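Subject: Handover of a structure and notes on its contents

Dear colleague,

Please find below the structure that I am passing on to you. My notes on what was found in it follow directly after.

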Amino acid sequence: TVNGTGVLTITSDAALRQINPLSVNTGNIVVRRNSTPMVRLDYTAWSSPVSGQNIKAFSPNTLDNRFYEYLYTGTTTPTAYQSVANVASTNFARAKGYMIRSANDWPTTAAVFNGQFTGVPFNGNASISLGIGYNLLGNPYASPISADRFLKDNETRVGALYFWTHSVAASGGVYPVNNYASYTKLGGTAAA
């Protein structure tokens, strides 16, 4: 519970540990998360750990047509992204991932984006619709989650996890190598 003028800030390398998944959170917190260094025209996948965070307010200098969500209905392909409609009035959905391009005035030399989420922290179980094929999900908590536990709890629906590592920046809006690391119950593979 964050009362009145109270402030709770979780920095980029910190986590909020919530013991009871049935507890209802009240009051806004600030969760700061730093990106991997990006250059102009680069994208990063983001998911909000709080409710009420507006997408456009999160990255106000990104062009409105450069916020993307995955089209998860039916059978999807690796390129099934669509622009988010009405970014000014759209909040991050719980556990949903969004691809957001760097600000339009972002430098051409690599720099870290200091993301800040403000709202009531999510707690408890999260449920999201999945399509057959590719889906873009995000951690809905202000703390790490266990990939092993996620795979175990979703073994009939999820066989592998792919993590956007952003290890190589885009060149002219195109990524020259595979920036996804993969993880299954058998182990993991690093990004190219």
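I begin with one residue: L41 is found in the loop that runs between β2 and β3. Please keep in mind throughout that the model is predicted. L41 is not a glycine, yet its phi is positive, at about 80°. Is L41 buried, exposed or partly exposed? Its relative accessible area is 24%, so L41 is partly exposed, a term that covers values between the limits of 20% and 50%.

The loop between β2 and β3 also holds S35. Here the relative accessibility is 8%, so S35 counts as buried, the limit being under 20%. From the C-alpha of S35 to the C-alpha of A45 the distance is 9.2 Å, with their positions 10 residues apart in sequence.

Confidence in the model

Over the whole chain, the mean pLDDT is 89. A value of 70 or more is reached by 94% of the residues. Where in the chain is confidence lowest, and where is it highest? The lowest mean, 86, belongs to strand β6 (residues 81-83), and the highest, 98, belongs to helix α1 (residues 55-58). As a rule for reading any such model, predicted coordinates should not be read in detail where pLDDT is low.

The open sheet

Four strands form an open sheet in the order β1-β2-β8-β4, and their pairing is mixed. The edges of this sheet are β1 (9-10) and β4 (50-51), each of which pairs on one side only.

Following the order of the sheet, β1 and β2 run parallel and are joined by two bridges. Within this pair, I10 has V31 in β2 as its bridge partner. The next pair is antiparallel: strand β2 (residues 29-34) is joined to strand β8 (residues 114-121) by six bridges. Which residues of β8 are the bridge partners of R32 and N34? For R32 the partner is Q116, and for N34 the partner is N114.

Strand β7 and its partners

Strand β7 (98-101) pairs with β3, and the two run antiparallel with four bridges between them. In this pairing, Y43 stands opposite R101 of β7. Strand β5 (residues 67-70) is also antiparallel to β7, and three bridges join them. There, F67 has I100 as its bridge partner in β7.

How are the faces of β7 placed? Both are covered: Y98 and I100 on one side are buried, and M99 and R101 on the other side are buried as well.

Residues in the other loops

S48 belongs to the loop between β3 (43-46) and β4. Its relative accessible area is 0%, so S48 is buried. The side chain of S48 reaches the backbone oxygen of V50 at 2.8 Å.

Two residues of the loop between β6 and β7 may be read together, namely T90 and N86. A polar atom of the T90 side chain lies 2.7 Å from the backbone oxygen of N86. T90 has a relative accessibility of 18% and therefore counts as buried, since it falls under 20%. N86, at 59%, is over 50% and therefore counts as exposed. N86 is also a residue other than glycine with a positive phi, near 55°.

The loop between β7 and β8 contains T109. T109 has a relative accessible area of 55%, so it is exposed. Its C-alpha atom is separated by 27 Å from that of A14, and the two residues are 95 apart along the chain.

The cavity

Empty space is found by rolling a probe the size of a water molecule over the atoms. How many cavities of 30 Å³ or more does a search of the whole structure find? The search finds one. The largest cavity holds about 40 Å³ of space. Its lining consists of M38, W46, S59, T62, I100, R101, S102, A103 and F113. By class, five of these lining residues are nonpolar, three are polar and one is charged. Two of the names in the lining, I100 and R101, are also among the buried residues of β7.

Yours sincerely,
A colleague

Notes. Residues are numbered from 1 along each chain as its sequence is written. Side-chain values use heavy atoms; hydrogens and water are left out. On a 1 Å grid over the protein atoms alone, a cavity is a set of points where a 1.4 Å probe fits but cannot get out, and a pocket is an open set with protein on both sides within 12 Å along at least five of seven lines; lining residues have an atom within 4 Å of a point. Grid points are joined across faces, edges and corners, and a volume is the space filled by probe spheres set on the points. Ala, Val, Leu, Ile, Met, Phe, Trp, Tyr, Cys and Pro count as nonpolar, Asp, Glu, Lys and Arg as charged, and the others, Gly among them, as polar. Two strands pair if DSSP finds at least two bridges between them. pLDDT is the predictor's confidence in each residue, from 0 to 100. Buried means under 20% relative accessible area, exposed over 50%, partly exposed in between (1.4 Å probe, protein chains only). A polar contact is a pair of N or O atoms within 3.5 Å; within protein, one must be able to donate a hydrogen and the other to accept it, and residues adjacent in sequence count only if both atoms are side-chain atoms.
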